[in-house]
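Work through these three exercises with the model open. Each task is followed by a stepwise solution.

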Amino acid sequence: MLLVHMSDLHCGPKFKEDALLEAVDEINSLYPDVVVVTGDLTEDGLINEFREAKRYLSLIKCKHLIVGSGNHDARTTGYLLFPKFFGNPSSFTRIDNVAVMMLNSSRPDRDDGEIGYNQGLWMKSQLENCGEAFKIVALHHHLIPVPDTGMERNIVSDAGDLLWTLTRYGVNLVLCGHRHRPWTWVLGNLTVIHAGTVSTDRLRGFYQNTYNIIQIEGRKISASLKVVGGRECTLDQSSIEAVSSII
Ligand SMILES: [Fe+2]
C-alpha cells in the first residue's frame with residue numbers, strides 16, 4: 001500500500017499556491033492508495049480558507065483522502081466549519097489489511113493538543129476490533145518532541161496516555177504534523193513520522209516544503225521525504241539532517 005502523508009497547508013496569508021499545486025501533481029503521479037492530511041488546512045479557520053483548502057484537496061486523485069483538523073483550523077470557530085467541508089475530524093478507515101484512525105487533537109482557540117478521555121475510549125474500542133491489521137493513528141499535534149523546533153510547548157497534553165494506548169494495542173505507525181519539521185522516531189515496534197509543511201513559508205528547522213511517501217508491505221514500513229519540486233530521500237534521521245543542511 002502506498003500512503004502519502006502531507007500536512008500544514010495553511011491556506012491564508014502565507015500560503016504558497018505554487019508549492020501545493022506542484023505537490024498535488026507529484027502526488028497524483030504516484031497513484032497513492034491513501035492520502036492522509038494531518039491538519040492545519042487553514043491559517044485562521046476562516047470560511048474562505050476552508051473553501052480554498054477544499055478546492056485544492058479536491059485536485060488529489062485518490063480513493064481514500066483522510067483529513068484531520070489542526071489547531072489553526074479550530075480558530076475563529078473554524079471547529080464548526082471543519083465538519084461541513086471535511087466531515088468528522090475523528091475517523092476510522094479500513095483499507096484491506098490497513099486500519100487508519102484519524103484523531104482530533106485540536107480544541108477551540110487552543111494551540112496545544114489533547115485527545116481527551118472520551119476520544120481515548122473511542123480509539124481503544126476501534127483498536128480492539130482491528131485484529132491483525134496494520135494499525136496507523138494520525139493526529140495533528142506531535143506526540144513526542146521534535147528537534148530544531150524551539151521551545152517545547154504544545155505537545156498533546158495527554159501524550160502519556162496516548163503513548164500507552166498506542167503501544168498496548170500494537171499500533172504500528174503514528175503520523176503527526178504541527179511543527180513544520182519532518183522527523184521520525186522509532187520506539188520499539190512503533191514508528192512515529194512527522195510531516196513538514198507542504199505549502200507555507202512558516203518553515204521551522206527544515207527550510208523547504210515537503211511531504212512524506214510511505215510504502216507499507218506487511219509489517220514493513222519504507223518511508224521517504226519528498227521536497228516539493230526537489231529531491232527525495234529516505235525518511236531517517238541522518239538523511240533528514242543531510243538534506244536540511246542544504247538551503
Ligand atoms: Fe501548522
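Two strands pair if DSSP finds at least two bridges between them. Strands (E, at least two residues) and helices (H or I, at least four) are DSSP runs, numbered from the N terminus. This is a predicted model: local features need pLDDT of at least 70, side-chain atom pairs count only at pLDDT 80 or more, and totals for chains, interfaces and linings use all residues. Residues are numbered from 1 along each chain as its sequence is written.

**Exercise 1.** Determine in which sense β8 and β9 pair.

Step 1: locate β8 at residues 183–187 and β9 at residues 190–194. Step 2: count the bridges; there are five, in the antiparallel sense. Step 3: check the register; W183 stands opposite H194 in β9. Step 4: inspect the turn. The two strands form a hairpin with two residues between them. G188 in that turn has a positive phi of about 60°.

**Exercise 2.** Is H10 buried or exposed?

Step 1: place H10 in the loop between β1 (2–6) and α1 (17–30). Step 2: read its phi, a positive value near 55° in a residue other than glycine. Most residues other than glycine have a negative phi. Step 3: apply the cut-offs: buried means 20 or more other C-beta atoms within 10 Å of the residue's own, exposed 12 or fewer, partly exposed in between, with C-beta atoms placed from the backbone. H10 counts as buried because it has 27 C-beta neighbours inside 10 Å.

**Exercise 3.** Find the loop that holds D109 and classify its exposure.

Step 1: D109 lies between β5 (98–102) and α4 (117–128). Step 2: its phi is positive, about 60°, although D109 is not a glycine. Step 3: D109 has 13 C-beta neighbours inside 10 Å, so it counts as partly exposed.
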